[in-house]
Amino acid sequence: MPTTMRTCPVMHYDHRAVQPAERFEVWRELRGKGPIVWSECYDGFWVVSGHAEVAAVMRNDATFSSAKTEDGKGGQSIPPFPWVRNVPGEYDGEEHDRLRAVLIPPLSPKLIEERRPIVGGIVSDIFDQLQGRETVDATREIAVLVPAHSMFTFMGMPREDADTLGLMVHSVNGARGDVDVQATLRAIEQRMLDEAAARRAKPTDDIISLFANYRHESRHLSDEELLSVMVTGLLFGGLVTAAETLANGMIYLDRHRDARAELIAHPERMLNFVQDLVRYVSPAVVVARTVTRETVLGGQTLQPGDRILCNLGAANHDQTVFADPERIDTSAWRNNHLGFGVGPHFCPGAPLARLEIEMTLLELLRRMPNYAIADLDHLTRGLADPAGGWRPLVLRPHG
Ligand code: HEM
């Protein structure tokens, strides 16, 4: 318990209990209490929601560690995610740099741009399947599929796996007691280890083969590292976030018909839209850190061992930085938001995510310019979490 508790705002804030539709309101409430508050949930942690304070934490991994310890404490989640240590997310310093280096070549902006035609083909195939339909479940049949089919293609696995393993990843992420999380994770792990073993025996030119045969100073990744980089790095890191952004992009462009008309007239502005959509949605809504030495943040003194939750959503809607945070800005490329993080752990998948979302929304507006989403009012003002919660998002292609 922090010594400063008597002087700092205290709140019963449980980020895991916040419903997606309440997010904007909760973020406003948090910011209204100041850039940093103490929450009594999960044995107590600091909640940081000011843009400047969140950026300061994320940039400084010497004072704010991402590392998970051997006994499963610390790391990027509160409470800690009950699974192996996340590679490279739950490492600091040189060890983090060594593990992150595995991911950089296959996700480099140049390579991803070269893959634009492949993602375009995937998007086109998915929309071909929807031809002539009266209604489409936009979550399951578009938002979840595009990132999954793209990722499995780059991993060198059949696209049918995207419909099985990809959906298993979403089911774990959105589990509300209805899924056996451990058994599902074990099935995903086993399949990925088998794929890696096959590529160690016979290398191919896909991402799994690159990871499986990666060497740093003549050492391969351990099985645990390899598994984590494939499962938490690519699958959990890449599928759910992109799907949630896409689904909310479709909702936003139905609620804001002026923005839709603008993007139909100016498709070249779509990339600006996508970049700011990630700020607006902030699908990686919270990330945790552990304080390593006494420090002052937002006027509070933090002690070694204190846990911190950076609320990226609240920081991305901080009105001292973003004047009209619930409006998506297409006029310029905004690179000052924290939706993809900042500092040493900045998301290496950002170019791929942006490409998938950009191509899907462009295709949606080209093929279904008059689409409408049913029951839009029931989605309320906040964000929907159709990818996590499995609620169908019924889209009528012809309005
Ligand atoms: C809209 C989509 C995405 C969003 C909003 C997003 C967000 C983020 C954020 C906020 C972080 C920093 C976490 C931290 O500092 O603790 C991060 C890291 C990471 N992301 Fe993404 N991500 C997205 C897509 C992807 C994709 C497509 C991939 C994989 C291809 C990916 C792989 C990763 C990995 C491996 C890390 C850890 C990097 C490190 O620790 O050095 N992400 N992401």
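**Figure 1. Packing of helix α13 against α15 in the predicted model.** Helix α13, residues 270–281, packs on α15 with the two axes 9 Å apart and an angle of about 120 degrees between them. That angle makes α13 oblique to α15. The crossing of the two helices is right-handed. On the α13 side the contact is made by Met270, Leu271, Val274 and Gln275, and on the α15 side by Arg354, Ile357, Glu358, Leu361 and Leu362. By class, the residues of this contact divide into six nonpolar, one polar and two charged.

**Figure 2. Surroundings of the ligand.** The shell around the ligand holds 29 residues, of which Gly237, Gly238, Gly341, Cys347 and Gly349 come nearest. Two elements, α11 (223–255) and α15 (350–367), each give two or more residues to this shell. Helix α11 supplies the largest share, seven residues. Sorted by class, the shell has 16 nonpolar residues, twelve polar and one charged. Helix α15, shown here as a contributor to the shell, is also the partner of α13 in Figure 1.

**Figure 3. Packing of α7 against α11.** The axes of α7 and α11 come within 8 Å and cross at roughly 150 degrees. The two helices are therefore roughly antiparallel to each other. In passing α11, helix α7 makes a right-handed crossing. Helix α7 contributes Val146, Pro147, Ala148, Met151 and Met155 to the contact, and α11 contributes Leu234, Gly238, Leu239, Ala242, Ala243 and Leu246. The contact has ten nonpolar residues, one polar and no charged. Gly238, part of the α11 side of this contact, is also among the residues that come nearest to the ligand in Figure 2.

**Figure 4. Packing of α5 against α7.** Helix α5 (residues 116–129) and helix α7 (residues 145–155) have axes that come within 10 Å and cross at roughly 135 degrees. They are therefore oblique to each other. The crossing is right-handed. From α5, the residues in contact are Ile118, Val119, Ile122, Val123 and Ile126; from α7, they are Leu145, Val146, His149, Ser150 and Thr153. Seven of the contact residues are nonpolar, three are polar and none is charged. Val146 of α7 takes part in this contact and also in the contact with α11 shown in Figure 3.

**Figure 5. Two cis peptide bonds in the loop between β4 and α3.** Most peptide bonds are trans. The bond from Ile78 to Pro79 is cis, with omega near -10 degrees. Pro79 lies in the loop that runs between β4 (64–65) and α3 (93–100). The bond from Val87 to Pro88 is also cis, with omega near 0 degrees. Pro88, too, is found in the loop between β4 and α3.

**Figure 6. Backbone of Tyr42 in the loop between β2 and β3.** Most residues other than glycine have a negative phi. Tyr42 is not a glycine, yet its phi is positive, near 45 degrees. The residue is placed in the loop between β2 (36–39) and β3 (45–48).

**Figure 7. The whole protein, for orientation of the close-up views.** The secondary structure comes to 16 helices and 13 strands. The radius of gyration is 21 Å, close to the 21 Å that the globule rule gives for 399 residues, so the protein is as compact as a globular protein of that length. Along the principal axes, the C-alpha atoms fill a box of roughly 65 × 55 × 40 Å.

Terms used: Residues numbered from 1 in each chain as written. Predicted model: local features only at pLDDT ≥ 70, side-chain atom pairs only at ≥ 80, totals over all residues. Near = placed C-beta within 6 Å. Helix = DSSP H or I, 4+ residues; strand = E, 2+ residues; numbered from the N terminus. Nonpolar A, V, L, I, M, F, W, Y, C, P; charged D, E, K, R; others polar. Axes fitted to C-alpha atoms, helices over the stretch in contact; angles between N-to-C directions. Parallel < 35°, antiparallel > 145°, perpendicular 65-115°, else oblique. Left-handed = near helix turned anticlockwise from the far one by under 90°. Contact = placed C-beta atoms within 7 Å. Rg over C-alpha atoms; globule rule 2.2 N^0.38 Å.
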